[in-house]
Amino acid sequence: MPTITIETLRQAAYPGGSSALSLRTDLAPVAGEQALVAPAKYAVGNGSTYVFERRYIDGKPMSTVMMDSRPSSANRLEDALSDAIDDGNPVLASMPHLHITYSHADPVIEFTEFQAPHRAYDAHFRLGTHQETPVTAVPEYVEARNSTPENAAALLALSPDTVLFGGWDSTRRSHQARFAANVVGEIIGVVADQGADPHDVVTRRSGARIDPIAPAYKFTPSTMKQFAEILAKDPQGQTKQGKKASDFVIGAIPPGVTAIDGIATGRIIRSHVISFASLRRLRFGRGRDGDAAIRILLAAIALDLITRSDADLVLRANAHLREAEIPEISIDHRYGDVESLNPLDVSSADSLLQEAYENARHQAGLDWRGQTFEVEGNPDIPGAADATKDE
């Protein structure tokens, strides 16, 4: 099978090229097929639940459980981006990005648009200041907010991350920028018992707490006040006054079976899709070849981050998975022609990324030097969070 090269991406970057590249991998519990896995939990009422769906698996409708959603998958790719920047990857560390600092918070809070829910359009940035000017009045940011897929040059200069993973400037009354996600992914598990209601086969956690010193401890009014005063002086500890011993994690809790804890799966499937058709909708004012070179670079970034993220398969506690097979990579040409490709390792993905960047630098005049749009966070936001965190 052929390997993905810059020529593969170049063919897909021009009108009429391939529609998408997909990666699919079967995963399995590290402990074996008998092991339970913990899917993603979602809040419902005062408890939590798993998300069950009907999906076509090998041509048959089957009950599945959501292991990792599309938004969560994007967040994992952005985590891989942050890690690669910290490790000094020459291309990814040079990407322009936004950085915000809440210097008035204690401790100081810092993050980039990679961690912000709405990326470059996030309220944390919009409510801050840049060089003592409100961010929403800074020409550089205004131009980026006014970007459209038909002319995304200003947003690319400020936040390539938002161009690649998508964003919606939903708070504007008009001219709301909408950039579709050009790379998506998810992990689903096929429920082992297809004949049962999926909600009936969820395993419940059994647990208790043992206190060998004071298993049946009860407060007196004086000790309640004393403990509250002690913990109130702990800057990193509990600040609200306890009502009972368990509020202070004192005393035993009898065994019980309440919280959901996992589910048996017959198969777990991880998938990613890079949409070349979506990338081809983007224009950057660099001419036919220049715009294509930027699309090639964005696709190479997506491939690199997928490769990095897949290599570090960590979802959550009690969801320890491994790759059960070599990833299946295919590129969808027109008229139903699907070509299989060899998978990339991190080293080869990095080499492809470097080549794509050099091509974009030559064809589109791209000059990434780690340009950072610095934002000072609004001091009222951390204060409001502190005031309401106990609620």
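For the residue classes used here, Ala, Val, Leu, Ile, Met, Phe, Trp, Tyr, Cys and Pro count as nonpolar, Asp, Glu, Lys and Arg as charged, and the others, Gly among them, as polar. On that basis, the lining of the largest pocket divides into eight nonpolar, four polar and ten charged residues.

**Model and confidence**

The structure is a predicted model. The average pLDDT of the chain is 88, and 85% of the residues score at least 70. Residues 387-391 stay under a pLDDT of 50, and for this stretch the model has two contacts beyond four places in sequence.

**The largest pocket**

The largest pocket holds about 330 Å³ of space. It is lined by 22 residues, of which Arg76, Ala80, Arg308, Ser309 and Asp312 are the closest to its centre. Two or more lining residues come from each of helix 2 (70-86), strand 12 (183-191), strand 15 (265-275) and helix 9 (287-311). Helix 2 gives the largest share of this lining, with six residues.

**The cavity**

A search of the whole structure finds one cavity of 30 Å³ or more. The volume of the largest cavity is about 30 Å³. Its lining consists of Leu9, Ala12, Ala13, Phe276, Leu279, Arg280, Arg295, Ile296 and Ala299. Helix 1 (6-13), helix 8 (276-279) and helix 9 each supply at least two of these lining residues. By class, seven residues of the cavity lining are nonpolar, none is polar and two are charged. Helix 9 thus has a part in the lining of the largest cavity and in that of the largest pocket.

**Two hairpins**

Two antiparallel strand pairs are set out in the table.

| Strand pair | Bridges | Bridge partners | Residues between the strands |
|---|---|---|---|
| Strand 4 (residues 52-57) and strand 5 (residues 60-68) | six | arginine 55 and methionine 62 | two |
| Strand 6 (residues 97-102) and strand 7 (residues 109-112) | four | threonine 101 and glutamate 110 | six |

In the hairpin of strand 4 and strand 5, aspartate 58 takes a positive phi near 55°. The loop between strand 6 and strand 7 contains proline 107. A cis peptide bond joins aspartate 106 to this proline 107, with omega at about 5°.

What is the sign of phi at glutamine 131, and what is its value? Glutamine 131 has a positive phi of about 55°, although it is not a glycine. Glutamine 131 belongs to the loop between strand 8 (129-130) and strand 9 (133-134).

**Salt bridges**

How many salt bridges does a search of the whole structure find? The search finds 20 salt bridges. Side chains of opposite charge can pair when their charged atoms come close. One salt bridge joins the side chains of aspartate 169 and arginine 145, at 2.9 Å from N to O. This pair links distant parts of the chain, 24 residues apart. Aspartate 169 is in the loop between strand 10 (167-168) and strand 11 (178-179), whereas arginine 145 is in helix 4 (residues 139-145).

Note on methods
Residues numbered from 1 in each chain as written. Predicted model: local features only at pLDDT ≥ 70, side-chain atom pairs only at ≥ 80, totals over all residues. Heavy atoms only, no water. 1 Å grid on protein atoms, 1.4 Å probe; cavity = no way out; pocket = protein on both sides within 12 Å on 5 of 7 lines; lining within 4 Å. Points joined across faces, edges and corners; volume = space filled by probe spheres on them. Pairing = 2+ DSSP bridges. pLDDT = per-residue confidence, 0-100. Contact = heavy atoms within 4.5 Å. Salt bridge = Lys/Arg side-chain N within 4 Å of Asp/Glu carboxyl O.
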